[in-house]
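Got your viewer open? Here's a short tour of what to select, one stop at a time.

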Amino acid sequence: MRAICLASAVVLGAGALTSCVPAADAAIHTDFGFSVEPSTVRPGGDVTLRVVRNKACQGEAAVNSPVFDLVTIPPDESWATATVDWDAKPGAVYDVEFECDKSSGTARLTIAGGHPTHHPTHHPTHHPHKGVHAGEGGTIAGFDLKEIGLGAALIAGSLGVAYHFSRRRTDEDAG
């Protein structure tokens with residue numbers, strides 16, 4: 001009987017742990033890294049499109065989305081900028097498709113409400129020849145303290161319930 005309680009506690013704990021990752025934030029596996037920065041922008045705003053150069057992405061990278069013109073990133077560059085269309089629908093989420101060599105991947109771009117406070121008149125055409133931008137990325141990018149706190153609370157609660165059920169005895173076990 002004790003084995004059944006322990007197995008139930010393990011299944012409950014595993015279920016709670018796997019439910020802590022929202023489906024929208026689940027990582028999409030690709031052969032190269034890419035990002036859209038910022039991931040939320042107002043109509044008419046600029047976004048930086050980045051690719052991580054490795055064996056899977058050595059040639060020209062093409063970045064396409066319904067809210068900006070096709071952008072190409074030359075083989076000797078790791079980023080480019082794009083201006084979001086003024087008629088992009090506030091609150092909408094658009095796919096941004098990255099293609100490099102024979103690999104591809106998709107990121108999400110959210111359009112914020114309202115309009116930018118200024119209209120950029122100059123768009124830089126020169127991209128510095130520097131390495132990949134390091135910093136926030138990987139599995140922690142885009143998380144805030146509320147999401148981390150909620151995940152920690154769910155894990156702690158599920159572990160507490162699992163412990164409670166594993167220590168609970170029935171009348172047959174106690175007698």
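Start with the five strands that make up an open sheet: going across, the order is S2-S8-S7-S4-S5, and the pairing is mixed. Keep in mind as you click around that this is a predicted model. Now color the two edges of this sheet, S2 (40–41) and S5 (68–73). Each of these has a single partner strand, so one of its sides is left without a neighbour in the sheet.

Next, move inward and select S4 (residues 61–65) together with S7 (residues 93–100). These strands run antiparallel, and four bridges join them. For a good spot to zoom in, pick Val-63: standing opposite, in S7, is Phe-98.

Time for the other stop, an open sheet of three strands in the order S1-S3-S6, with antiparallel pairing. Here the edges are S1 (34–37) and S6 (79–83); each has just a single partner strand, so one side of each lacks a neighbour in the sheet. Turn the view and follow the twist, which averages 20° from one strand to the next.

Stay here and select S3 (residues 46–51) along with S6: the two run antiparallel, joined by five bridges. Click Leu-49, then look for its bridge partner in S6, Ala-80.

Last stop: Ser-39, in the loop between S1 and S2. Is Ser-39 buried or exposed? Its relative accessibility is 42%, so Ser-39 counts as partly exposed. Show what surrounds it: leaving aside residues up to four places away in sequence, Ser-39 touches Arg-108, Leu-109 and Thr-110. Finally, draw a distance from the C-alpha of Ser-39 to that of Ala-107; they are 68 residues apart along the chain, with 8.7 Å between those atoms.

Terms used. Residues numbered from 1 in each chain as written. Predicted model: local features only at pLDDT ≥ 70, side-chain atom pairs only at ≥ 80, totals over all residues. Heavy atoms only, no water. Pairing = 2+ DSSP bridges. Axes fitted to C-alpha atoms, helices over the stretch in contact; angles between N-to-C directions. Buried < 20%, exposed > 50% of the residue type's maximum accessible area, 1.4 Å probe, protein only. Contact = heavy atoms within 4.5 Å.
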